[in-house]
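Reader: Hi! I work with models like this one all the time, but I rarely slow down over how the pieces touch. Could you take one part of it, go through its packing closely, and then place that part in the rest of the chain?

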Amino acid sequence: MTGRLGRGPRELLRWAFLGIAVVVLVVFLLAQRQSVDVSYGRSPSSSAGVEEGSAGELSDASVPSVAEMTALVAAHPVVRLPGSTARWDEQRIREFIGNRDVRILVAPPGLDEDERERVRDVQNATVRVIGTEVTGSIYQATADDLPSWRDQFAAGDVTVPLAALIAKLTDQPTPPDRAELRWREPTDRELAVVAADLRATGLHRAPGATLTKIPADNARNAFPDGARFVALPPQRDGAPVPRYGPALTRLFPGTPIVVLYGLWIEYHGPGHDDFAELAGASFYGQFGSRLSRYDYPQGNVLATYLDRVTDVRYAGLFERPLPYRPIDPLRVALPALPWVFAVCVAVFLILSIRSLRRPAAGPGIRPGSPRPREPRRHRPRRDRIPARLAGLTALAVEMSLLTDARSDPALARGIVRLRAASEALGEGLPDRHVRTLLTEAADELDDAARTLGIPGYRPYLYLRERLS
């Protein structure tokens, strides 16, 4: 053979390319499936749906029947059910209500849907507070800035939304927002206790805090260079709250500091002025409503906040270094798959066209055309081996007078095969071996004839006249 693909290998190659094209098409189509899933608890890019009660957000608290709560509200202007955590500036709200008949029912956070529905069914309650969610009639009052969210989630203070809702229900002007949470500098002793824990483990957990451990994966994505965490319980007594963030930043310069006051999270450290406000506003703007009515552990809230910090950093804001993101081979390969599919289909079509255009054997075959199989009736019988050897030898002699640089190699290989066949015949080697050598010689002489462009020198035509 001269190195050209035979029909068998060409067919195999053709169908192989078609199979690759089909596989590429299937992979590409399956990769186009998309879904949208927004849930609480993790970054949108890595979280699955969270059903109610599956993330530790429901408490053991319960509420009485609708009739019992209706009777309590009828007897008292403010009814606090067991487990309630919401508080407000009573003097300010009392002055704001005046002599109007406004009745407030306060329920604990972490109720399931059925219990929340019972609270909503208490018709004689003007305002209902479930956890720190404030509703009344068809309205719901929500915080919309960082100071109001801080009051709500750090201290359970609902003075601002409660005053706004009462104003709406009683046709009064909306009162101006006023932050209720008061700050103070931590004492040297308080700061020393917190700093010692941060140096030892990176986490200070005050009594009453529900954070048991730092969510390591979320923290690593948000702060690859490390961060220190302080977990404090909700500030329920109305006393000034020690503000640890600025003081710890001075003790640990250049280190991210994350402080939890109940469900309120503050960031201090590099890029604080812009980064902290954006992360906090986007986090509480999306999850504030859900946090207000459920009783999530601090670990869940912290994990979600850290995912939001990661999202902000992935956006490339504030020139902060982006977290490492592993390469997704499928995502990288998808743009190339249509081109791979097109190339495979093109190769399949080209090979198919070449197979369909293969000419029939005959004197009119052009140079370079595929070599046809020798007609069966001209295949040599055992007693014709010497005659075939003589005929091919004569053909080689005639061709040697006409060959050029392009056809000489094939002719030379054919002569070598003929010499080997002659020696094998003289030494009495098996006929099968001699026939193989003659067939190889005929193939080489056929290539030389096609290169010369002389159909009459093709072995099966040349021998037809001498062996018939």
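Author: Happy to! One convention first: an axis here is a line fitted to C-alpha atoms, for a helix over the stretch in contact, and an angle runs from 0 to 180 degrees between N-to-C directions. Please also keep in mind that this is a predicted model.

Let's begin with two helices. α15 covers residues 408-426 and α16 covers residues 431-452; their axes lie 8 Å apart, and the packing angle is about 160°. Angles over 145 degrees count as roughly antiparallel, and α15 and α16 are therefore roughly antiparallel to each other. The crossing of α15 past α16 is left-handed. On the α15 side, the residues that meet α16 include Ala 410, Leu 411, Gly 414, Leu 418 and Ala 421. Among their counterparts in α16 are Val 434, Leu 437, Leu 438, Ala 441 and Leu 445. Charged side chains take part too: Arg 413 and Arg 417 belong to the α15 side, while Glu 440, Glu 444 and Asp 447 belong to the α16 side. Sorted by class, this contact has 13 nonpolar, two polar and five charged residues.

Now for the sheet that I would look at most closely. Four strands make up this open sheet, in the order β7-β8-β10-β11 and with mixed pairing. Its edges are β7 (203-205) and β11 (264-268), each of which pairs on one side only. Leaving direction aside, neighbouring strands here are turned by 10° against each other on average.

Inside this sheet, β8 (residues 228-232) and β10 (residues 257-261) run parallel and are joined by five bridges. Arg 228 has Ile 257 in β10 as its bridge partner, and Val 230 stands opposite Val 259 in β10. Two helices pack on the sheet. α7 (residues 188-201) touches β7 and β8, with a direction at about 135° to that of β7. α9 (residues 244-251) touches β8, β10 and β11, and its direction makes about 155° with that of β10.

Towards β11, the pairing of β10 is antiparallel and also runs over five bridges. Val 258, for example, stands opposite Tyr 267 in β11. These two strands form a hairpin with two residues between them, and Gly 262 in this hairpin has a positive phi near 65°.

What about burial in β10? In a regular strand the side chains alternate between the two faces of the sheet. In β10, Ile 257, Val 259 and Tyr 261 lie on one side, with Val 258 and Leu 260 on the other, and all of them are buried. Five of the five residues of β10 are buried, so the rest of the structure largely encloses this strand.

A second open sheet makes a handy companion. It has five strands, ordered β1-β2-β3-β4-β5, and its pairing is mixed as well. β1 (78-80) and β5 (139-141) are its edge strands; each has a single partner strand, so one side of each lacks a neighbour in the sheet. Here, neighbouring strands are turned by 20° against each other on average, direction ignored. β2 (residues 104-107) and β3 (residues 127-130) run parallel, with four bridges between them. One of the bridge pairs is Ala 107 with Ile 130 in β3. Helix α4 (residues 113-120) lies across β2 and β3 and runs at about 160° to β3.

For a contrast with the buried strand, try Arg 178. This residue sits in the loop between α6 (159-169) and β6 (183-184). Its relative accessibility is 43%, so Arg 178 counts as partly exposed. Leaving out residues up to four places away in sequence, Arg 178 touches Asp 89, Arg 92, Asp 151 and Val 160. Asp 151 is 27 residues away along the chain, and its C-alpha atom is 9.8 Å from that of Arg 178.

Finally, the chain as a whole. It has 17 helices and 11 strands, and 42% of its 468 residues are buried. Among contacts with a separation of 6 or more, 71% link residues 24 or more positions apart.

Technical notes
Residues are numbered from 1 along each chain as its sequence is written. This is a predicted model: local features need pLDDT of at least 70, side-chain atom pairs count only at pLDDT 80 or more; totals for chains, interfaces and linings use all residues. Side-chain values use heavy atoms; hydrogens and water are left out. Angles under 35 degrees count as roughly parallel, over 145 as roughly antiparallel, 65 to 115 as roughly perpendicular and the rest as oblique. A crossing is left-handed if the near helix is turned anticlockwise from the far one by less than a right angle, and right-handed if clockwise. Contact means heavy atoms within 4.5 Å. Ala, Val, Leu, Ile, Met, Phe, Trp, Tyr, Cys and Pro count as nonpolar, Asp, Glu, Lys and Arg as charged, and the others, Gly among them, as polar. Two strands pair if DSSP finds at least two bridges between them. Buried means under 20% relative accessible area, exposed over 50%, partly exposed in between (1.4 Å probe, protein chains only).
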